[in-house]
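Biologist: I'd like a close look at one part of this predicted model: the places where the ligands sit. Could you walk me through them, and then show me what else is worth seeing in the chain?

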Amino acid sequence: MSSLLVTGGAGFIGANFVHYWLRQHPDDRVVVLDALTYAGNLASLASASGNPAYRFVQGDIRDTTLVGSLLEKEAIDTIVHFAAESHVDRSISSPDAFIQTNMVGTYSLLEAARSHWLGGTAAGEHRFHHVSTDEVYGALGVEDPAFTEHTAYAPNSPYSASKAGSDHLVRAYHHTYGLQVTTSNCSNNYGPYQFPEKLIPLMIVNALDGKPMPVYGDGSNIRDWLYVEDHVRGIDMVIKQGAVGETYNIGGNEEHANLDIVSRLCASIDEIFAADDGLAGRFPHAPAASGTATSSLITLVKDRPGHDWRYAVDASRIQAELGFSPAHDFNSGLRNTVAWMLANEDWWRAILDDSYRSWIEDQYEKR
Ligand code: NAD
Ligand code: TYD
């Protein structure tokens, strides 16, 4: 039996991880520590709340005293560190929170872990798993090989630079103090509970509400997409079987240009509306409600400053050493995601209040 501290468990990937872990490892205890920033959402954890193996604590990862007391009282042997500021556009307009949470926060957490696990005479088995991103490797050109674990770090945005800094700190705490760490660097995730500021959920809610679907630049930028359930399963494999001190890339082997993704989503929404009469009544502002193509909403907008052109992950290490491969391809993952958004309108409506909408629109105007 293990006792996990999951930081950022009320966010997108963290919440998926918590549900996955409680299902797959029912004898374990899961304590979530989350500051509930704009991206943290207790509604994403609602179905875990009656489970005696689960506890939620609202708090900041920079609060070393709080973290220290949780490690002690809950006899934590595994930290799974998701908490971060995660949106590139926000890192461009307001980098400070990214430095604070991603770098200072990871440092504070490492210090609390070091003091708790390595402070006594004999260190027992423990694990600090750090969840990171492929964006630390920078941007690829069309002919470049995909990122491996040996690709040199070249972060380009305040977000990726702050994640790169946190990766280096985690590595240093292993090398210098012997903290038992692993790190995973994953490609772009999508799926249930993703905050509708990221590409895929934003496009779905805008399509349903008949709002413009803003594609940056010419829409040719490429990302490598992984369904979130595959990511959390990959993290489980790294925690259980990964070698201490090592890093593992996780990716979907699904490279797609943004405009292709948005066009695919539009076609899929048109088909779903055509097959289900009830949707026109629920979403009267959607073009698909009146038989107009959803793609009429696609709007090319000013590009993101410093926009990385292409990310692609070479996930052959985790595949060869730990037996990981994604269970969902991009088509089935997108279908699941649209279906989840349609079935969970209350979840995203609660986020899309007027202040959020005007914040998003303001961002495009400022460029
Ligand atoms: P998210 O923005 O949806 O969630 C982040 C969570 O962290 C929120 O619940 C927030 O309240 C919490 N948080 C923020 N600051 C905190 C603090 N100081 N103390 C405690 N909690 C705090 O992020 P996500 O998309 O779920 O990403 C999770 C992790 O995975 C991040 O570390 C991110 O860098 C990494 N990652 C994300 C992706 C992706 O596509 N989303 C891909 C690869 C890696
Ligand atoms: P995003 O979901 O923000 O993830 P990241 O920047 O971490 O890769 O964006 C994914 C891609 O989609 C990225 O190339 C930027 C682009 N994008 C748009 O074209 N329009 C949008 O409204 C958003 C949010 C992103």
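Modeller: Here is a walk around the two ligands, followed by some salt bridges and one histidine.

Let's start with ligand 1, and keep in mind that the whole model is predicted. There are 28 residues around ligand 1, and I13, D34, S86, Y159 and K163 come nearest. One of these, K163, has a polar side-chain atom 2.6 Å from an oxygen atom of the ligand. Backbone atoms join in too: a backbone N or O atom of F12 lies 3.0 Å from an oxygen atom of ligand 1, and a polar backbone atom of V131 is 3.5 Å from an oxygen atom of ligand 1. On its own, ligand 1 has 840 Å² of accessible area, and the protein covers 97% of that.

Where do the residues of this shell come from? At least two each are supplied by α1 (12-24), β5 (127-133), α5 (158-177) and β7. The top giver is β5, with 3 residues. Sorted by class, the shell around ligand 1 holds 13 nonpolar, 12 polar and 3 charged residues.

Now over to ligand 2. Here 19 residues stand around the ligand, with E135, P214, R223, R304 and H307 coming nearest. Look at E135 to begin with: a polar atom of its side chain lies 2.5 Å from an oxygen atom of ligand 2. The side chain of N188 also has an N or O atom 2.9 Å from an oxygen atom of ligand 2. With P214 the backbone does the job, placing a polar atom 2.7 Å from a nitrogen atom of ligand 2. The protein covers 97% of the 510 Å² of accessible area that ligand 2 has on its own. Two elements, α6 and β8 (213-216), give two or more residues to this shell. By class, the shell around ligand 2 comes out as 9 nonpolar, 5 polar and 5 charged residues.

Next, the salt bridges, of which the count comes to 13. Take R90 and E197, whose closest N and O atoms are 2.7 Å apart. R90 is in helix α3 (residues 88-93) and E197 is in the loop between β7 (188-190) and α6 (199-209), so this pair links parts of the chain 107 residues apart. Both partners are buried.

R114 and E111 make a more local pair: they sit 3 residues apart in helix α4 (residues 96-118), about one turn of the helix. Their closest N and O atoms are 3.1 Å apart. R114 counts as partly exposed because its relative accessibility is 27%, and E111 does too, at 21%.

E246 and R317 meet in a salt bridge as well, 3.0 Å from N to O. E246 is in the loop between α7 (228-241) and β10 (247-250) while R317 is in helix α10 (residues 316-322), so the bridge ties together parts 71 residues apart in sequence. E246 is partly exposed, at a relative accessible area of 30%. Elsewhere, D209, R282, E345 and R349 are joined into one network by salt bridges that share partners.

Last stop: H116, back in helix α4. H116 is partly exposed, because its relative accessible area is 26%. Leaving out residues up to four places away in sequence, H116 touches L71, E72 and I76. From H116 to S69 the distance is 9.2 Å, C-alpha to C-alpha, with their positions 47 residues apart in sequence.

Note on methods: Residues numbered from 1 in each chain as written. Chains lettered and ligands numbered in written order. Predicted model: local features only at pLDDT ≥ 70, side-chain atom pairs only at ≥ 80, totals over all residues. Heavy atoms only, no water. Salt bridge = Lys/Arg side-chain N within 4 Å of Asp/Glu carboxyl O. Helix = DSSP H or I, 4+ residues; strand = E, 2+ residues; numbered from the N terminus. Buried < 20%, exposed > 50% of the residue type's maximum accessible area, 1.4 Å probe, protein only. Near = heavy atom within 4 Å. Polar contact = N/O pair within 3.5 Å; in protein donor to acceptor, adjacent residues only side chain to side chain. Areas by Shrake-Rupley, 256 points an atom, 1.4 Å probe, with all protein chains shown as cover. Nonpolar A, V, L, I, M, F, W, Y, C, P; charged D, E, K, R; others polar. Contact = heavy atoms within 4.5 Å.
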